Amino acid sequence: MLKRNKLISLKRIAPCFLSAVMLISPILVYAEEIDETVDASQISEQIGDGQVAADYLLQHRQEEIVDRSITSESSKSFPEKLDLREKGVVTPVKSQTPWGSCWGFAAIAAAETSILSESGKTYEETGLDLSEHHLGYFASRHITDETDSQYGEGTYIRGDYEALNIGGEFTLATSIMSSGIGPVTEDFIPYRGTKGKTISKFWINAYYSPDDDWDIPDDYMFMQNYQLLDGNMLKSPAVYDQDYSDFIVVDKSEFQEHYLGYDQSAVDAIKEELMNGRAVCIGYHSEHSKPFEEPADNDINYISVDDEGRWLQYVYDCALPSHAVTIVGWDDTIKRETFADHSNDENGDGLAHLPEGDGAFLCKNSWGAANTVFPNNPIDTWGSLDENGKSTGYFYLSYYDTSITVPESLRFNPDANATSFIIDEYDYMHFKNVENWLSDTELQMANRFTADYDEVLKCVSCQTGNDNTKVKVEVYLLNDGAVCPDDGELVSTQEMSYEHAGYHRMTLDTPVEVKASHDYSIVVTESVEHEGKQYYSLNTGKDINEEGVNQKEKVIEAYLKENNIEGDITDYIDRCYSKSVVNAGESYVYIDELGQWFDFSDLVQTMSANSSDEFSHDYDNFSIKGYAEFADPEEAATLMEEAGRNSTPLKYSKPKNSYNYRFIVIAVCVVVLLLTGIIALIVLTIKKIRKSKKSKHEK
């Protein structure tokens, strides 16, 4: 299982094992061949001027197709209640303490439920437990192998923030796991520091200490137990006229001005994913983002508790999302009047505010629960009460909560032994956003790869930027000296339609055999219909770079000063930045109106400098990947055996149980000393009394 995926890790540190990304850029691989067969004029005729292509796309760019329409009535029939816990496919509530890693816990919880549902097994049967530590840590890392063509690409932490404390979104989790970086099991990389230090509350170990070494060796990066098949980006029930990412500073009045209303079709989409056994991770506003954290002085406690001990939340004033949880069910029967009306909120407006209608999502939090054991049962327990009056870590979130955002569901291959040996890819910048360019004339994206082994290409994947996208995939075995990604034999074609935007992997009906050192390409055409017209799209991961973070910091600093807002500026700016590496000969774009292919590396700088983003971003290679297996079973077995020698779980220490024996020993010693003192005092008092009586008697 892990032995196969360890090969991905070994490919990062030894040339003979490298295939997740090429050790040498494809342009270098065939450069000599081009020199021999194609002169400079021929190359210029085949590959167009990148500046011309960039200018064209910027001039002809269409507005993104973002459906902000609102549907008030459901077009589908659902049961009035659903609780995936009853199906046995929801894992126990965990605690993210001591880090702000809620997004990772929400994504892993969704992954666990998806895998259990797809496998037809329950948590009781499997004990499935995936590693949040692995996901969260490598979200803040970059490629450190200097021999790698993508060296330096990835995420960089600003200042002295900890890797698990930088925050994130679910597209980030998707981009990581699709790259062959997890998920792995908890026993392989547990959620604690290497020494197992704990923070105690009296005689109980409350949680693992941040004052420990939480780093993971880089050669554990490309390991994976389960393959991600889809990451579906769903619409949010709370509709705004622009994305949350466009808001810079927390200002509720700004949000209220842009709030359009509640969309029933988005609730239906979430319910449909739940009906399919897939939990849905979401962002929403919470008064704090991790347990043991005090809420802001001016914040409102939107949580109320009903007569049945259920915790209910309804945000009515468009507060900024600050936390992430996982939806595992719903209940249409929870009446709107059951929620607190907030008229007595200390920091509210004094008016009554109730949801527009009935119903709420059942959400799984990551702040622990009283009915679990260390380290998931912190002293300050949280959530709805069970039949024994213990906190469960769950709560209900109104469908009409105005802070719900970025819903995403995940679909996995449940077979832990089905993980690919080889992933050919270039996009290692862990992105939070997808940039989407549209044109009413045909556009195509392509990635070109060189096989390091004799392999069989089984699957390909891409990222879609719009709902209801049609995807056409073409695989070419390229000719010697080929310059363009379609200069060769077309050996496999496949078409699919995807209801939701996001990451999607498709299995080829016709697998492709590729010989070692041979070049092949994956050409993707994405089209979508909008208002009776067909559009074509290019899309790639994008994220704020170092220059952009510095720009943003200055703008926010001026905003805070101008509006007399007190507080630490680091509460508002990004804690990390991204860097992409787009080399020549890796990604290509075809523009039908210009009739040529263009090397994407020639477009990136111009596109970035002239993008619509307020702050500078980096754009990555196209999110097109090839997933292959070794053609030679003996070679695969040999490499598996070699990889197995290095597939060692991290030996992190942990306390034997939840009791803090050091505290108990000290407490016992103190008690013994006190008792000794008291006994000594009593003895001395008795002696003194006897002596006094004897003295009186002698007189």
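**Holes, faces and paired strands**

Author: Let's open with the largest cavity: 16 residues line it, and Phe105, Ala109, Lys364, Asn365 and Ser366 are those nearest its centre. The elements giving two or more residues to this lining are α6 (102–119) and β11 (323–331), with α6 giving the most, six residues. All this comes from a predicted model, where local features need pLDDT of at least 70, side-chain atom pairs count only at pLDDT 80 or more, and totals for chains, interfaces and linings use all residues. Numbering runs from 1 along each chain as its sequence is written, and side-chain values use heavy atoms, with hydrogens and water left out.

Reader: What makes the space of about 80 Å³ a cavity?

Author: On a 1 Å grid over the protein atoms alone, a cavity is a set of points where a 1.4 Å probe fits but cannot get out, whereas a pocket is an open set with protein on both sides within 12 Å along at least five of seven lines; lining residues have an atom within 4 Å of a point. The volume is the space filled by probe spheres on those points, which are joined across faces, edges and corners. So the about 80 Å³ counts as a cavity because the probe is shut in there.

Reader: And what puts the second largest pocket, about 580 Å³, in the other class?

Author: That space is an open set, so it goes down as a pocket. Of its 26 lining residues, Asp129, Glu186, Arg192, Pro375 and Asn376 are closest to the centre.

Reader: How do you know that β5 is largely enclosed by the rest of the structure?

Author: Five of the six residues of β5 (228–233) are buried (under 20% relative accessible area; exposed is over 50%, partly exposed in between; 1.4 Å probe, protein chains only), so the strand is largely enclosed.

Reader: Why are β5 and β14 called paired?

Author: Pairing takes at least two DSSP bridges between two strands. β5 and β14 (405–412) have five, antiparallel, so they qualify. Methionine 233 stands opposite glutamate 408 there. β21 (501–514) also qualifies, because four antiparallel bridges tie it to β5, and glycine 231 has tyrosine 503 as its partner in β21.

Reader: What makes the buried residues of α5 line one face?

Author: In α5 (50–59) the buried ones are Gly50, Ala53, Ala54, Tyr56 and Leu57. Down the axis they fall within an arc of 160°, so they line one face of the helix; the arc is that of the directions from the helix axis to the C-beta atoms.
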